[in-house]
Amino acid sequence: MGPGGVGRPVALIALIALGWFGLGLVVANSYYQLMLTLVPIWAVLGLAWNISSGYTGLVSFGHAAFFGLGAYTVTIALIRFGLTPWLGIPLAMAVGALAGAVIGYPTFRLRGHYFALAMLAYPLALLYIFTWLGYQEVSLPREQQAPGWYMQFGDFRVYIALALGLMAGAMLISLALERSRFGLSLLAIKQNEPAAEAAGIDTLAWKMKAIVLSGALAAAAGGLYAVVLLVVTPDSVFGILTSAQALIVTLFGGVGTLWGPVIGAAILIPLSETLQAELGDVLPGIQGVVFGVAIIAVILLAPEGVFWHLRDRLQRRRAPPPAPPFTTPVLPPTPPAVAGAGLVVKDLAKSFGGLRAVQAVSFTVEPGAILGIIGPNGAGKTTLFNLLNGFLRPDRGAISFAGREIGGLKPNRICRLGIGRTFQVVRAFPRMTVLQNVLVGAYVAAPREADATAAATEALARVGLAARAQDLAAGLSTRDLRLMELARALAGRPRLLLMDEPLAGLGAGAVEDLLAVIRSLSAAGLTIVIIEHTMGAMVRLAHRFLVLDHGSVLAGGSPREVMADPAVIEAYLGKKWAAIRA
Amino acid sequence: MTPLGAAVEAFLQALAAGIFLGCLYGLMCVGLGLIFGVMRVINFAQGDFLMLGMYVTFYLVTGFGTLAFLGPIMAPYVGALLAGPVLFLGGWLLHRLLMSRITGTRAAGSEGDGHYSQLIFTLGVALVLENGALILFGSEPQSLRSPLAARAWEIPLLYDPLSAVFLNKASVVAALLSLVIGLALYLVIGRSRLGKSLRAAADNPVAAIYMGIDVDRAHRLAFAIGAGITAIAGGLVATYHPFQPYVGFDYVIIMYAGVVLGGMGSILGAFWGGLTIGLVQQLATLVIPLQLQNAAIFVVFLLVVLLRPQGLFGRTAERV
């Protein structure tokens, strides 16, 4: 995973393909030859599913739609237009890619279970439509002349080679994806879509690219399936079991890694086919029972799939006993100068139904200043941040950043313009290294991979985490997680930073470390807006305060003025206290 | 009979069929909706609970002759009602022994909140159940035709002495029973302590734990009740429809369409959703070819999900 040498995985892919082909040379039984061909085909469908669903976390029950369209494109092109599958499969891939775009665009508006279930409907609707069109059972005609031109070979080993070639291709594509910003962006979407969007990742665009690629690969698998089996029926290619097969091989083998679908297919397909062949006549159904029990057992023992289970085990065995948690001393970093930019908010308002979360809020932040936003729970602080970074569209009012109106822009656009954000609850990507976590935030400002890595490394140095760059995020302390999230926001080279309760849950020492980093960033010129409950820390940090209560501005000014304001004391401590002070 | 008269007759006939079938779908959806709403787990084995409900009813009536003394008309309905407790117990055990390991409080915090493992787990259970049923019961379609299935009430249409709408007695009785059971469950969930704990566990599992509610127990009850309710619906379908071990997947899709249409987490909504699916399925036959009847369900389902993801009858969308 992640950047690193590609030589070893590429060699391993070649080794697997050659080893499998060697097996094909030895096996003479035609039934087992067919099985050896089906394993890579289902692996390709699993790899395709993995690209759009495994890396992004958006589970699709509908990959049979692409598989089936691929199978029927190849079949119909051959029967109606005499088009060879050599061209039919590329055509099928184009159809699959188009279907991916057509299906993905409306469906990506949905999240979670709704997305999964909506995807279920596409192949099933297609199933009935293809039945109605009269394609209940279509056979590929035998071509006596030039069988090779029509991808019809007497020697079954050619099919094994073709399927393996397709699988190797799909694995290489997955590998390239995992090692690029494409893969990192999809992982970021899986972990936390809003945070990814706030880090400048255009989530819809990446998801669309993923499903288009996935659709093309699944269609290629379907096309080859038709060529190998010579018969296509709506149930066999659009049926729910085909979609389930894509899920099963991937989830069983391991989600979000190119090895998962291959491991899953290599174990499960032979298992179910052999059971079918050996026991199918004696006791129909027994293969389904054994298959189901095997799936249940593995999921109870290794809920995240075989690959991750084995990998975690190996790492545990290999790794020396964990060193006592050490925290890097925060060296006073000397960050490069930043040209901070100012923010002008005028008459901003947002309501949810009848609730006025933010009303008539106006304030100004000078370039390079630190503004502290305080207020009781429910005062509208986080809503204000969500308006500033584009999660919410304001009902009214204007937000001007560095002289530019940004109200109503999408979060990734606002991030690109130079507003970074950290969250109240830190969202780390636990299986990625600290550097990779930060890299996700660096892509906004860096067109090239090398620039992004440089920006991420620099951001880590600025928060004092450089020494932990290669550690897994899962092992970080709360303090280091906060610093890592700060580095992620800094990696995009923002000119204004929105920090939502950066000190929450930190011990006294850690608070001091974080304050030191924030001060040094401010000293370098960065404009900072902080939401915080810890008044003591804020008084020492912020240049100006803005107090919110019930969605509107209660007071604003220097910390000293605000702390003395009776209205503020009342809001925080109640009327009685205000009366005593007065 | 005028062409218009014939069209009206066909429409009324399809409308009646849609309503009666829809009530049964509604009851199935209530069972699934309870599980989906409380546990947030996509359960592919739900269709197989339905299928098991059919076979349990079948064997209670014919196999062991236990219910023969009730006579051919009463026996299937009593059998269907008894299938509920049987599958309640089955669902309870399945959750207690296996499912609880990967759902509820155990799943919180694991990658994707354990959705992946839950999905593939229920797919595995579905495979075991339907193939196990194939071994036990054989692949031949069975039917438990109630004598009522061969009788109909004839409702003459006033404007034309030659036309009439026929209401199959078995489907009318099944629909009425579905309505009563669905309503009873709605009242229980709405009024009782049990219902309150289920709703609390569904709304906010973490807060529910702090309030002293045993969330895993709530999940187990929801799962078992959901399995039992769907099994009763299966038994009622069996009184006028043939079935075999693989019917589960056909129905599971209809059930999910209904539950999503109705908006998740609402019993009444799930019932309306199922009813809508029944109506769409039957009325669609009037305007499009029979083979596209089911395609129509999915197109309607997609349109609703894309345009109104909170469901036709729900008020809130799924939290993200």
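Among contacts in chain B between residues at least 6 apart in sequence, what percentage join residues at least 24 apart? The share is 75%, where contact means heavy atoms within 4.5 Å.

The structure is a predicted model, in which local features need pLDDT of at least 70 and side-chain atom pairs count only at pLDDT 80 or more, while totals for chains, interfaces and linings use all residues. Residues are numbered from 1 along each chain as its sequence is written, chains are lettered from A and ligands numbered from 1 in the order in which they are written, and side-chain values use heavy atoms, with hydrogens and water left out.

## The two chains

Chain B contains eleven helices and two strands; helices (H or I, at least four residues) and strands (E, at least two) are DSSP runs, numbered from the N terminus. Along the sequence of chain B, the elements occur in the order α-α-α-α-β-β-α-α-α-α-α-α-α. Chain A has 24 helices and twelve strands.

The radius of gyration is taken over C-alpha atoms, and the globule rule is 2.2 Å times the number of residues to the power 0.38. For the 320 residues of chain B, a compact globule would have a radius of gyration near 20 Å, and the value of 20 Å for chain B agrees with this.

The table sets out extents and areas for each chain. Accessible areas come from the Shrake-Rupley method with a 1.4 Å probe; for residues, only the protein chains shown count as cover.

| Item | Value |
|---|---|
| Chain A, C-alpha box along the principal axes | roughly 100 × 55 × 45 Å |
| Chain B, C-alpha span along the principal axes | about 65 × 50 × 35 Å |
| Chain A, exposed area | about 23,200 Å², with 63% from carbon and sulfur atoms |
| Chain B, exposed area | about 13,500 Å², with 68% from carbon and sulfur atoms |

Burial follows fixed limits: buried means under 20% relative accessible area, exposed over 50%, and partly exposed in between (1.4 Å probe, protein chains only). By this criterion, 57% of the 582 residues of chain A are buried, and 56% of the 320 residues of chain B are buried. In chain A, 74% of the contacts between residues at least 6 apart in sequence join residues at least 24 apart.

For charges, Lys and Arg count as positive and Asp and Glu as negative, whereas His and the chain ends are not counted. The place of a charge is taken as NZ of Lys, CZ of Arg, CG of Asp or CD of Glu. Chain A carries 44 positive and 32 negative side chains, with the centres of the two sets 4 Å apart. In chain B, the mean positions of the 16 positive and 13 negative charges are separated by 13 Å.

## Confidence in chain A

The predictor's confidence in each residue is given by pLDDT, from 0 to 100. Chain A averages a pLDDT of 85, and 94% of the residues score at least 70. Over residues 321–329 of chain A, pLDDT stays under 50; for this stretch the model has ten contacts beyond four places in sequence.

## Selected residues in helices and strands

A:Val44 belongs to helix α2 (residues 30–54) of chain A and counts as buried because its relative accessibility is 1%. Not counting residues up to four places away in sequence, A:Val44 touches A:Leu166, A:Met167, A:Ala170, A:Leu217 and A:Ala221. The C-alpha atoms of A:Val44 and A:Ala218 are 6.8 Å apart in space, although the two residues are 174 residues apart in sequence.

A:Gln245 is located in helix α11 (residues 240–253) of chain A. Its relative accessibility is 17%, so A:Gln245 counts as buried. Leaving aside neighbours within four places in sequence, A:Gln245 is in contact with A:Trp42 and A:Ile269.

A:Val231 is placed in strand β2 (residues 231–232) of chain A and counts as partly exposed, at 32% relative accessibility. Residues up to four places away in sequence not being counted, A:Val231 touches A:Glu137, A:Val138, A:Ser139 and A:Ala226. Between A:Val231 and A:Tyr105, 126 residues apart along the chain, the C-alpha separation is 32 Å.

## Loop residues with positive phi

A:His550, a residue other than glycine, has a positive phi near 50°. A:His550 sits in the loop between β11 (544–549) and β12 (552–557) of chain A, and counts as exposed because its relative accessibility is 61%.

In chain B, B:Arg40 is likewise a residue other than glycine with a positive phi, near 55°. The loop between α1 (3–39) and α2 (46–63) of chain B holds B:Arg40, which is partly exposed with a relative accessible area of 23%.
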